Structures are given as structure tokens and as C-alpha cells.
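Hi,

Here is the model I promised to pass on. Have a look at it first, and my notes follow below.

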Amino acid sequence: MKNTRIYILLSFLFFGLLSSVKAQEGRMDSFTVKVEGLGCPFCAYGLEKKFKELKGIKKITIEMETGILKFNYPEDRLLTLENVEAQVKKAGYTPVSVTINRSNGSVEKTTAILEKNITNGQSTTFNLFVSGNCDMCKARIEQAVKNIVGVQNAEWNKDTKVLTIKAHLNISQLVIEEVISNAGHDTQNKKAQDSAYVNLPGCCQYTRKQ
Amino acid sequence: MKHLFLLLVMCILFHACTNKKKKWSYLQTINLGDITPIGFAFQNEEIWISDGDHNQIIAVNSSGEVLQKIIDAQRPMHIDIEQGDLYIPEYGSDQIIKVTKGVKSIVKLPDSLDAPAGVDRYKTEIALADFYHHRVLYFNGNEWITIGKKGNELGELNYPTDIQILKDKIVVADAYNNRIQIFDKQGIPQQLIGLSEGINAATGVFATEDEIFVTDFENNRVLAYHMNGELKQIITEKINKPTDVLLKDDVLYISNYKGKNIVKMGR
């Protein structure tokens, strides 16, 4: 009878430990990523493929209309906001925001660029010719420029290829052109490095002027 | 003199009529509800459509009424139907799925794919557009050959998305080279089409022995060419992010990804 009790107790302990380990293994963080420029299905599905490369990823979905990518990822792999942004950029896309709901209840978020880029003082508006093709290009060009401290707004027209920038008077056009060309897009005065151009997704590889 | 004048007038009228007949104009829209069409193919009067966003294949009638569904397709792209068999290039799983009388099987291939975007079956031949590998895989009935590599020169490809086999040619939608490229069945490049039209993403193609149609995705156009490369018409009416085009019984069908419909054009 005493042995039976010990067996039962040991069984409870064993199964308790096992279920605890399984619960630990199964704990997932939830990710929500807002991506700009999901216009072309061929590239958008490529973004999904890029994320499927992450071992252990589950329940990945892309809402094309809203540009929202969602997935779950094991908490013990500690995928960070920066990792996620890097993976989006690797696929040629421009992340707008990333939110992580950790399995322990904590929430992590990136800050919207224009929120952290509020500036005071006199501003000016000017236009710049920037090469590009599609909605993905638009997102990349605008985001690159909005990242510059002192820029209040940037809007690129896909048809005319004209980028309209509202920025603090101190911001030099040369700096803006440098940033855009580093993102792979030729401007009226600055040609992008070939390596940056080649790294653009296929749909973004605009015809270059010699 | 009077007879000569009449003859001249009749010639002009005849010429005008025949020219008019050759121009495509809008006939009808088949609304697809939430379906976002990428590619489509006909099985008798049913239109089979790959709905990439929702990972499914849908069969509809000419009113857009859903007749059948195949779910769990992983990002299906430019499909084909030949002798009752449905071929689905799955961009998400890197496989070509064959569906025969409702039963799925995987097509055996000589090499792994990376995001197959188009498939075409012609008699015993099959051709695949292998998107991220920038190449075409073609089985001529006896052996597989590889056509193209990444680049923008003649014979090179930049993200091919659709493909069609003709009697003695293979026609490729060379999507981000913004052109159509034609190869012979040994894989030797023969012709480039669409270089002067400013195409921005040549996503879908359909060819007969003497005509070629290409969807110009970003510019919301479909371009119609003679097989010799001469541009016949630019179609823009009711076109909204077109992904595929198909000619059947002298009606041109165009799938609009953003418009969530298929439009019919007549001439």
C-alpha cells in the first residue's frame, strides 16, 4: 500500500513536471508588423516566405489590404523588434511599426518615425526627382527621408517620380539625396551605389539612366 | 470614273470595318467578390481562378457564381488546365500540384524551385516559371532543360511570372525586365517584345501562333502585339492591376487583382 502511494506521488510529480516543460516549450510571443507598400502579390508573398525561414514560426498571416503581418514565435528564441525590422527589410519592405505581445504579458513597440521626429522652427518645402517603380519604392523612399531628424513630411509620386519634402530650413538637400541613394534609389544629383540598387526587390529595380 | 470612285469608297469602308474588328473593347465584368485573382484557366465553360491572397482555387461560372473550391493551396499563382488535369504552381510551398478528378499529387521535378509563379502544359511538355531562381524549367517530353539565368540581357530573366508553350516556342513573362521573351524549344532566345512601351511589371502572358497579350501590372494596361513584336493595341478600360490574360473563342479575358474581377473584351 505504501509503495502504491509512492508510485502515485511519483507519477503526479513526473506528469506535473512534463506538462510544465511542455507548457514552457509551447509558450509563444505574438508579433504584429505593419508594412508599407504591399501592392504587388508576387513580392508580398515573398515577404511571407522570408519569415517562414525563421525556424519555429507559427500562424503566419498577411493581410494585403491593411499591410499587417502577424505571426507567433517561441518565447525562448527572444526575437526582438530589431530582428523583425531587419527581416522585413531583408525582403525589400519597409516596416512602419512592430508590436510584440510577449507570453509573460509585457508589450514592446517601435515608435512611429514622425512621432520621434517632431521639430520646431521654420520649415521649407521642396521637390526632388527620385527614380523608382512601385508602392514598395514609395514606402522605402518616404521612410528613408522621414528618418532624417528635421524632416516633417515626405511624399513621393509614383507617376511623376517627384518627392515633395517638408523639412526644417537647416536640412540640406544633399543630405536627403545621400540618404535616398543609400536606400538604392537614384536622385537628380546622386546615383545609388550598384550594390544598393541590386539589393532592391525585382519590382523596385527601375530602369537607370546612364 | 464613277465606278472607280465607288470602288474606292467601298475599299475605304471595308478597310475601316476590318480595322475596327481588330480593336478590343469592353464587353462585361465578372465580379468575384473577395477573390483576388492571380491566374486563371478554363475547364469547358468554368473559369478556374487562383486566389493567392486566400490560398485557394475557385471555379466560377460566367456570372461569377462559385461552383467549386480547392482550399489549402499555398499561394497559388498562374495555373493551367490540360486534358482535365489542373496544375497549380504553389509559390508558398515551392511545389507544382496536379489535381486529377479531385485528387492531389505532387509533380516530380528535376530540381528544387523557389516560388514557382507559372506553369503551362502542352501535350507531353510542361514549363515552369521559377520566380526567385530567375529561370524556366522545361520538359520537352523526354528531358528537362533549364532556360535563362538572372540578368537583363537577351536570354536572361528577372523574376519570370508566367509562361506559355506554343508549337515551336516558349513565351515567358519576364516580369521585372518589363518585357516578354520568346525562346525556341532548345532554350535559345529568339525575340524580345515590349521594350518600347514602358511596361512596369509584365506579370501575365497569353500567346497564340500570331498574337501575344501581356498584362502591365503597375500601369494598369494590357498590351496586344503581333507575334513579330508590332504593338496592335493598348487596352486600359476597366483594367486595375492585371495579373493574367487569356483568349478563348475570340473573347479576351483579363483578371484584375485589385479590381477583384475578370473583364471580358470583344472585337
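How many aromatic pairs are there over all chains? The count comes to 16, where rings of Phe, Tyr and Trp (its six-membered ring) pair if their centres lie within 6.5 Å, and planes under 30 degrees apart are stacked, over 60 edge-to-face and the rest tilted.

Some background: this is a predicted model, in which local features need pLDDT of at least 70 and side-chain atom pairs count only at pLDDT 80 or more, while totals for chains, interfaces and linings use all residues. Residues are numbered from 1 along each chain as its sequence is written, chains are lettered from A and ligands numbered from 1 in the order in which they are written, and side-chain values use heavy atoms, leaving out hydrogens and water.

Among the pairs, Phe42(B) and Tyr253(B) have ring centres 4.8 Å apart and planes at 65°, so they are edge-to-face. Phe42(B) is buried (under 20% relative accessible area, 1.4 Å probe, protein chains only), at 15%, and Tyr253(B) is buried at 10%.

In Phe131(B) and Tyr159(B), the centres are 4.9 Å apart and the planes at 50°, so this pair is tilted. Phe131(B) is buried at 1% relative accessibility, and Tyr159(B) is buried at 11%. Both belong to one aromatic cluster with Phe42(A), Tyr45(A), Tyr91(B), Tyr132(B) and Tyr176(B).

There are charges over rings too (NZ of Lys or CZ of Arg within 6 Å of the ring centre and within 35 degrees of the ring normal): Lys238(B) lies over the face of Tyr26(B), at 5.0 Å from the ring centre, and Lys241(B) over that of Phe217(B), at 5.8 Å.

Best wishes

Conventions: Buried means under 20% relative accessible area, exposed over 50%, partly exposed in between (1.4 Å probe, protein chains only).
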